[in-house]
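Work through the exercises below with the sequence and the model open beside you. Try each task before you read its solution.

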Amino acid sequence: MRILGIETTCDETAAAVVGVSFDGRGEILSNEVLSQIAEHAAYGGVVPEIAARAHVEVLDRLIARALKKAGCTIKDIDGIAAAAGPGLIGGVLVGLTTAKAMALVTRKPLMAVNHLEAHALTARLTDGVGFPYLLLLASGGHTQLVAVRGVGDYVRIGTTIDDAIGEAFDKVAKLLGLPYPGGPHVEKEAAKGNPERFALPRPMQGRAEPNFSLSGLKTAVRLEAERIAPLTQSDVADLCASFQAAVVDVVVDRTRVALRAFRDIAGHPTALVVAGGVSANGAVRSGLQRLAVETGLRLIAPPLNLCGDNGAMIAWAGLERLRLGLIDDIAAPARARWPL
Ligand code: KG4
Ligand code: ZN
């Protein structure tokens, strides 16, 4: 079985072909990603109209390239999957409409995939992890702790009451004058800094409900930055290191609480899984690895090229759904909002 996956929900245009080997494991046959970072950088964030236009300009060529690199033509494909949301609606429409047109012309099944579900199932593509598992999904738009009990069976245990973790990284980067998207730049600066120089808060730490709140932490960074301005390079590095250390403490604490709640909802987890753009962060991974050891679980974090948005995760989610006969109608809507 080979599935074409298309991703256009934010600022990455992506197309991939994923197959399944004889033992049921996923196989990435191609995975083409074109980032629009350069187009948005001047604005300090993603501009929806620019994103949609950029997807239109490159998607056809990218799909052709993904098919070619996978050594196949559209005739060899068993189904076409596209992210149908959540995301910036103009971009979502570009990918979903393209997938619909291809499905109609070729009479192949269409899978209108939830982008968050695709992040959630990536660990099964890369590591063949079985259900149920605890997922920490941390990206620019979402922060959720989810009990993944099966394909389409997700119970949200915790979420953020304000900023997403990636968003907090991006906002801190912006206020410190670092480029967009901020996460990787904050991590790079943090590596040079002293995480103990600034005593930043650990919002929600110790609370019984496994939710996050990050806007107060971001404000604390801003107040410290204003207090010691003008900032030297080492001030920026120390602020990044202190901020990242606070985030890691909160992530580990909140995930530990979610693990307790998980047992009532889904029994014993097969693994602790992290996904989404923030899962590329080495300090976050190390913190979760410590928690995994403490709780006797395996931590599964995606390889770096599958942490951010990509087509392979959409293709894989489509494949999982097609295997279960979960095919979508050609009228499947594009959705700006679509909770798991
Ligand atoms: O999953 P993703 O590519 O797109 C969304 O669906 O949002 O996540 C992007 C987010 C951005 O906020 C970015 O700053 C953050 O992930 N991010 C990181 C790192 N790499 C990407 N945050 C912290 N450390 C990183 N190394
Ligand atoms: Zn994403």
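## Exercise 1: The ligand and the two domains

In this predicted model, the shell around ligand 1 takes at least three residues from each of domain 1 (2-122 + 308-323) and domain 2 (131-269).

Task: describe the shell around ligand 1 by its residues, its classes and the helices that supply it.

Solution. Begin with the count: 20 residues surround ligand 1, and the closest are Ser-139, Gly-140, Gly-166, Gly-183 and Gly-277. Next, sort the residues of this shell by class, which gives six nonpolar, 10 polar and four charged. Finally, look for the helices that take part, and you will find that helix 5 (165-175) and helix 6 (182-190) each contribute at least two residues to the shell.

## Exercise 2: Where the domains meet

Task: state how far apart the centres of domain 1 and domain 2 lie, and describe the side of domain 1 that touches domain 2.

Solution. The C-alpha centres of domain 1 and domain 2 are 28 Å apart. In the contact between them, 10 residues come from domain 1 and 12 residues from domain 2. On the side of domain 1 that touches domain 2, at least two residues are supplied by each of helix 1 (37-41), helix 4 (115-127) and helix 10 (311-323). Sorted by class, that side of domain 1 holds four nonpolar, four polar and two charged residues.

## Exercise 3: Three helix pairs

Two packed helices are described by the angle between their axes and the distance between the axes.

Task: are helix 5 and helix 7 roughly parallel or roughly perpendicular to each other? Answer the like for helix 6 and helix 8, and then describe the crossing of helix 8 and helix 9.

Solution, first pair. The axes of helix 5 and helix 7 (residues 215-228) come within 10 Å and cross at roughly 15 degrees. Angles under 35 degrees count as roughly parallel, and therefore helix 5 and helix 7 are roughly parallel to each other. The crossing of helix 5 with helix 7 is right-handed. Helix 5 brings Ala-168, Lys-171, Val-172 and Leu-175 to the contact, while helix 7 brings Leu-217, Lys-218, Val-221, Arg-222 and Ala-225. By class, this contact of helix 5 with helix 7 has six nonpolar, no polar and three charged residues.

Solution, second pair. The axes of helix 6 and helix 8 (residues 233-266) come within 7 Å, with a crossing angle of roughly 110 degrees. Angles from 65 to 115 degrees count as roughly perpendicular, so helix 6 and helix 8 are roughly perpendicular to each other. Here Val-186, Glu-187, Glu-189 and Ala-190 of helix 6 meet residues of helix 8 that include Val-236, Cys-240 and Phe-243. The contact of helix 6 with helix 8 consists of seven nonpolar, one polar and two charged residues.

Solution, third pair. For helix 8 and helix 9 (residues 282-295), the axes come within 9 Å and cross at roughly 35 degrees, and the crossing is right-handed. Among the residues that meet are Val-248, Val-251 and Arg-256 in helix 8 and Val-284, Leu-288 and Arg-290 in helix 9. This contact of helix 8 with helix 9 has eight nonpolar, four polar and two charged residues.

## Exercise 4: Backbone details in loops

Task: which residue does a cis peptide bond join to Phe-131, and where is the place of Arg-107?

Solution. A cis peptide bond joins Phe-131 to Pro-132, with omega about -5 degrees, and Pro-132 sits in the loop between helix 4 and strand 6 (133-138). Arg-107, a residue other than glycine, has a positive phi near 60 degrees and is placed in the loop between helix 3 (89-106) and strand 5 (110-114).

How values were computed:
Residues are numbered from 1 along each chain as its sequence is written. Chains are lettered from A and ligands numbered from 1 in the order in which they are written. This is a predicted model: local features need pLDDT of at least 70, side-chain atom pairs count only at pLDDT 80 or more; totals for chains, interfaces and linings use all residues. A residue is near a molecule or strand if its C-beta atom, placed from the backbone, lies within 6 Å of it. Helices (H or I, at least four residues) and strands (E, at least two) are DSSP runs, numbered from the N terminus. Ala, Val, Leu, Ile, Met, Phe, Trp, Tyr, Cys and Pro count as nonpolar, Asp, Glu, Lys and Arg as charged, and the others, Gly among them, as polar. Domain bounds come from an automatic or database domain assignment. Two residues are in contact if their C-beta atoms, placed from the backbone, lie within 7 Å. Axes are lines fitted to C-alpha atoms, for helices over the stretch in contact, and angles run from 0 to 180 degrees between N-to-C directions. Angles under 35 degrees count as roughly parallel, over 145 as roughly antiparallel, 65 to 115 as roughly perpendicular and the rest as oblique. A crossing is left-handed if the near helix is turned anticlockwise from the far one by less than a right angle, and right-handed if clockwise.
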